[in-house]
Amino acid sequence: MADNLPSEFDVVVIGTGLPESIIAAACARSGQSVLHVDSKNYYGGNWASFSFSGLLSWIKENQQKTDVSDEWDDWRKLILENEEAISLNKKEKTIQHIEDFCFGDQDSAEGVEEAGALPKLPVFGAAGAEGFAQESEEARAAVESTVPESTEPEKATGTEPASAREGSDAEITSEDTSSHSAALGESAGELGQTEAAVPEASAQEPKKITYSQIVREGRRFNIDLVSKLLFSRGLLIDLLIKSNVSRYAEFKNVTQILAFREGKVEQVPCSRADVFNSRQLAMVEKRMLMKFLTFCLDYEQHPEEYQDYENSTFAEFLRTQKLTPSLQHFILHSIAMVSETDCSTLEGLQATKKFLQCLGRYGNTPFLFPLYGQGEIPQCFCRLCAVFGGIYCLRHPVQCLVVDKESGRCKAIVDHFGQRISAKYFIVEDSYLSESVCTNVHYRQISRAVLITDQSVLNTGSEQQVSILTVPPVDLGKPAVCVIELCSSTMTCMKGTYLVHLTCPSTKTAREDLEPVVQKLFNVNTEKDAENEELEKPRVLWAVYFNMRDSSGIDRNSYDRLPSNVYVCSGPDSALGNDCAVKQAETIFQEMFPTEEFCPPAPNPEDIIYDEDEIAPEESGFSNSPETKPEASTEEMSSGGSAAVEKADNEE
Amino acid sequence: MKGMKQTNPGTTESKLETVHVTSMDSLIKIIMLPLQTALKIDNPRTGLAKHKLKVCLLGDTGVGKSSIVCRFVQDHFDHNISPTIGASFMTKTVPCGNELHKFLIWDTAGQERFHSLAPMYYRGSAAAVIVYDITKQDSFHTLKKWVKELKEHGPENIVMAIAGNKCDLSDIREVPLKDAKEYAESIGAIVVETSAKNAVNIEELFQGISRQIPPLDPHENGNNGAIKLGKQTSQTELATDADLDGVDIVLSNQLSELALSCM
Ligand SMILES: Cc1cc2nc3c(=O)[nH]c(=O)nc-3n(C[C@H](O)[C@H](O)[C@H](O)COP(=O)(O)OP(=O)(O)OC[C@H]3O[C@@H](n4cnc5c(N)ncnc54)[C@H](O)[C@@H]3O)c2cc1C
Ligand SMILES: Nc1nc2c(ncn2[C@@H]2O[C@H](COP(=O)(O)OP(=O)(O)OP(=O)(O)O)[C@@H](O)[C@H]2O)c(=O)[nH]1
Ligand SMILES: [Mg+2]
């Protein structure tokens, strides 16, 4: 545990978000020695996902406005005369305006605590994480009692959000009168409660889910801070496949595309099968839609169809086509997913074509969602990096970058423990840069809401649907709101609930931007005062709103005094896909190592070693001892064997 | 999907990327796809159902995690095995009752050194082997922390097996077997003292795990029809959404041809 870090690397990566993790993997893969650190004790930065209790604790941490003072100045001694230091942020300020609400009867949640896999054990949480590095006895003691309030500021940064369950101090400001999530508090210590039979929310009968059930089943939630999907022909899928990182993850198909029109949620038919099976479309409409979509697929070949409208918006162009208003709505908002006011005809055609091209690769919609949440993806790249020798340190804040005055290049970092670590290249996530470097940087914001609901927004035969819904703006010119609804089989929420993510570029606070949409789609009233029609809508059990900084698309030159060998990665952008992060990672990697290939395939064990099933045909008998004929395969012997032996077929 | 490739040669390469068709076996499998669970593949030759089990390794650095796997999978022991970098995944299949258990054994890739294991490491694990070194009291303490971490991030019904390794060195033992047994009992884990060096109890360790794994429930869809990307064995073995969609796409192509011709 007291393992010291080596003091020299080729590349130091600070932050474990998606672009940083891809770069770390690419560097390790091409033979660089990589140190990858994060000041948090979880992976992913703003790309992370949390259990329910983890999210509560993240909320709490971000509501504490306390600044971390520089209590420790000794590191300055480590800076030599011909060097200067660029301090890094201790506490990031990328999240604002967090408000959370509990709509259930949370009295019953009093004293309830999250059930673990091993109910009898004391919970291993924040204190444990800290204690991990300490004397073990001490850590155990801390764990077994309640979690001590972190008073030291530097401890607060290290506090593990994934441990809020025991947060007797979890005071969450709750504006809704019908609720206060603080009820969650009082839970620590009463370990006995855990054993209370965990009711399996039955899939069949519609059961009312209570707040205490959510708390108890909190581990089943994997709540993403950013809500994104993977375009089945997008850069991220290509990269996952190309690099073989895909073997670490599994995906679910988005099963339906929805539209919100005239106060109703409807399914958008987009594959040919959907078009022909659609009940809502009349035969004429089916024909219109097919004809138009077929045109979009090779619109470049038919310029005569659209060249008169090149200076119009796509919405205007659609009006000139033989399309009914509902079809226009579907195409504009749910297929092209573009703005009614700002999108040109060409951009709209391009978007429609991209959508159509992505259809059918993995399913009937163009999108995939990672099991356990988007937060898995950075971790998968980190694993690849680790497999190729990258060293990982969470809970590892960095004091400063050390810059050589003469050359202007960054030479080293000094970490929070006073260790000086030198490297040739430095990758820093935007939120780590202190204000002095970012004075000229203008950030946009993303508005986010996350809801836990009890029903799907569209009741179909199957309750295991993954849906994307675009809600057009009420006021023209405002951004549309993207709604992604996840069911429990995505492993992001407990059975009987849905996890709903709302996202749009901010115009105001997240709540101001998104609450109107939430009210249209969901029942946010307590049972008594709900109107009848409200009761038919899905009920919101719990909700959180927050604004997240969008640091994408910032020109490198807007950062002040940035040494040339320091590269900045941005946090998540507001777009639906992940192309921005992948592009950024590839660009930065190529700037650093122009001659190296970006993430070539890691050898696949199954490609290198013959499967026993193949070399051992029938008679060798699975019943006698396969142990004597092990199918041994070793993954990724770092021999750089990118020329993996390709076996066309691994069938048994 | 595979079926589609054969029945409909006009499909694109991208679809081939997710699935390959090469043998009659695979065709047979497609036909049976809807009947099978994702993780259970009836082996046409033996009639045994194959159950894939992800097993993750945990424990202090140097306790012998890699050595245990190396002994189990390759029946080999190397005194000078280097700390794990690079090699991080091994598989081995053993029979268990009416099933074949294919262990997919994940090593930590060194991320545990600074306590930075990614939760994705535990995802979907059927079992965890938590290793300590009987000659190092410290490693037994850390073991308890790994158990807690598993509780936090691991799957709910994970089978836990504690291995007190290096039992060939019992003359310099620091951890009494009794302590380990008591602890294991308190958390419902299997416990056994092993020696990767002398091949003591290594088989037994994994057999113990096998016995704790409930047989596949033919009604339960093992992995919820999750999709794996890329060219992988699992791809051809798993009944994925993509497979089923493939069928759907074939159907829809025909449908649309019909429909278009009616227009
Ligand atoms: C609603 C609708 C959706 C369409 N979706 C796609 C699409 O996602 N990708 C595409 O390339 N063309 C799509 N098309 C266009 C259409 O498949 C081709 O323009 C045309 O049918 C050429 O057919 P083909 O027989 O020559 O080629 P085919 O071999 O039938 O197909 C050409 C390409 O289209 C793909 N494709 C065909 N049908 C589908 C489908 N239902 N879902 C997903 N992919 C399909 C094939 O995999 C192939 O890549 C769509 C058309 C409509 C009306
Ligand atoms: N005497 C003895 N030595 C062992 C045994 N198992 C492993 N070792 C030795 O212990 C050392 C560490 O073994 P590893 O298998 O590399 O341990 P590990 O847990 O994989 O270590 P990391 O990969 O660094 O986490 C090696 O020198 C092994 O030869 C055993 O059963 N008996
Ligand atoms: Mg090892």
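Begin by colouring the domains of chain A in this predicted model: domain 1 is put together from three stretches, 8–92, 372–441 and 552–592, while domain 2 is the single stretch 271–358. If you place a marker at the C-alpha centre of domain 1 of chain A and another at that of domain 2 of chain A, the two markers lie 42 Å apart.

Now show the whole of chain A as a cartoon, in which you can look for 20 helices and 22 strands. Of the 652 residues of this chain, 62% count as buried, and among its contacts between residues at least 6 apart in sequence, 75% join residues that are at least 24 apart.

Next, select strands S4, S13, S14 and S15 of chain A, which form an open sheet in that order, with antiparallel pairing. At its edges you will find strand S4 (83–87) and strand S15 (420–422) of chain A, each of which pairs on one side only. Looking across the sheet, you can see that neighbouring strands are turned by 30° against each other on average, if direction is ignored. Zoom in on strand S14 (residues 410–415) of chain A, which pairs with S15(A) in the antiparallel sense over three bridges. Which residue of S15(A) is the bridge partner of A:Ala412? Select A:Ser422, for that is the partner in question.

Then move to helix H18 of chain A, residues 579–592, whose 14 residues reach 20 Å from the first C-alpha to the last, close to the 20 Å expected at 1.5 Å a residue. Show the side chains of its buried residues, among them A:Ala581, A:Val582, A:Ile588, A:Phe589 and A:Met592; A:Asp579 and A:Gln584 also belong to this buried set. What covers the buried residues of H18(A)? The cover includes helix H1 (18–29), helix H7 (235–243) and helix H13 (345–358), together with strand S16 (425–429) and strand S22 (566–569), which are likewise in chain A.

Finally, switch to chain B and colour it by pLDDT, which averages 71 over this chain, with 65% of the residues scoring at least 70. Over residues 1–41 of chain B the pLDDT stays under 50, although the model has 88 contacts beyond four places in sequence for them. Residues 231–263 of chain B also stay under 50, and for this stretch the model has 71 such contacts. Where pLDDT is low, the predicted coordinates should not be read in detail. For the model, the scores to note are an ipTM of 0.73 and a pTM of 0.76.

Key:
Residues are numbered from 1 along each chain as its sequence is written. Chains are lettered from A and ligands numbered from 1 in the order in which they are written. This is a predicted model: local features need pLDDT of at least 70, side-chain atom pairs count only at pLDDT 80 or more; totals for chains, interfaces and linings use all residues. Side-chain values use heavy atoms; hydrogens and water are left out. pLDDT is the predictor's confidence in each residue, from 0 to 100. Contact means heavy atoms within 4.5 Å. Two strands pair if DSSP finds at least two bridges between them. Helices (H or I, at least four residues) and strands (E, at least two) are DSSP runs, numbered from the N terminus. Axes are lines fitted to C-alpha atoms, for helices over the stretch in contact, and angles run from 0 to 180 degrees between N-to-C directions. The expected span of a helix is 1.5 Å times one less than its number of residues. Buried means under 20% relative accessible area, exposed over 50%, partly exposed in between (1.4 Å probe, protein chains only). Domain bounds come from an automatic or database domain assignment.
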